[in-house]
Amino acid sequence: RGTNMPPYLHARGGSGGGGSGGVRVLQAAWHPLSCSHLCVLTSDSRLLLFDARSSLHAPDEALEVPARPDEAVVAFSFASPSAAGWASLAVWFACSDGALFAACPVLPPSRAGCHHLRSLAPELLKTAQTEAARRWVRAQAAACGPQGPGMAGPGLGSFEPASLASGAVQV
């Protein structure tokens, strides 16, 4: 099935070509729990989540990836959906100085994302370390509804609950 996608992607703040002061695309990957959600890491340390079915001109969600002034976020990787609990909702980031850290939860509003969340919800609620994490699980599960995706709230988490998946790791 075809999609109506533009032939280019402009990162916010620049031409996408990496010119003086321009924001460059460092990496892009399809989210493993969606056939239409593309995650893009930009040189201004942002992870952008686009739904390719609707628009690649503006992200549905944006996550500011915190980095120290002397380091740069250079790559990301999704945790395996078969990982246990919260870890399956994490995105791992690698920095130029060798630091690794995770953002969790990161979940696209998709049929597979809803199915994954519903199957994990009891475990996530039991192992959540904060009330904010429990509220997030309940809100996302309710928004999914019985018919599939209808996530009303953001599916991209912040770094606040990242400790639920693992937190910062230095190598």
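This report walks through a pair of helices and one buried loop residue in a predicted model.

**The helix pair**

Let's start with how the two helices are placed. The axes of helix 1 and helix 2 come within 10 Å and cross at roughly 145°, and the crossing is left-handed. On the helix 1 side, the contact is made by Cys-114, Leu-117, Arg-118, Ala-121, Leu-124 and Leu-125. Their partners in helix 2 are Arg-134, Trp-136, Val-137, Arg-138, Gln-140, Ala-141 and Cys-144. The residues of this contact divide into nine nonpolar, one polar and three charged.

| Element | Residues |
|---|---|
| Helix 1 | residues 111-127 |
| Helix 2 | residues 131-144 |
| Strand 2 | residues 37-42 |
| Strand 3 | residues 46-51 |

**A closer look at helix 2**

With 14 residues at 1.5 Å a residue, helix 2 should span 20 Å, and its end C-alpha atoms are indeed 20 Å apart. Its buried residues are Ala-133, Trp-136, Val-137, Gln-140 and Cys-144. These residues lie on the same side of helix 2, because they cover an arc of only 95° around the axis. Helix 1 is included in what covers them. Just after helix 2 you will find Gly-145, with a positive phi of about 60°.

**A buried serine in a loop**

Now to Ser-45, which sits in the loop between strand 2 and strand 3. Ser-45 counts as buried because its relative accessibility is 14%, under the 20% cut-off. Leaving aside neighbours within four places in sequence, Ser-45 is in contact with Leu-63, Glu-64, Val-65, Ala-67 and Val-73.

Notes: Residues are numbered from 1 along each chain as its sequence is written. This is a predicted model: local features need pLDDT of at least 70, side-chain atom pairs count only at pLDDT 80 or more; totals for chains, interfaces and linings use all residues. Side-chain values use heavy atoms; hydrogens and water are left out. Axes are lines fitted to C-alpha atoms, for helices over the stretch in contact, and angles run from 0 to 180 degrees between N-to-C directions. Helices (H or I, at least four residues) and strands (E, at least two) are DSSP runs, numbered from the N terminus. A crossing is left-handed if the near helix is turned anticlockwise from the far one by less than a right angle, and right-handed if clockwise. Contact means heavy atoms within 4.5 Å. Ala, Val, Leu, Ile, Met, Phe, Trp, Tyr, Cys and Pro count as nonpolar, Asp, Glu, Lys and Arg as charged, and the others, Gly among them, as polar. Buried means under 20% relative accessible area, exposed over 50%, partly exposed in between (1.4 Å probe, protein chains only). The expected span of a helix is 1.5 Å times one less than its number of residues. The arc is that of the directions from the helix axis to the C-beta atoms.
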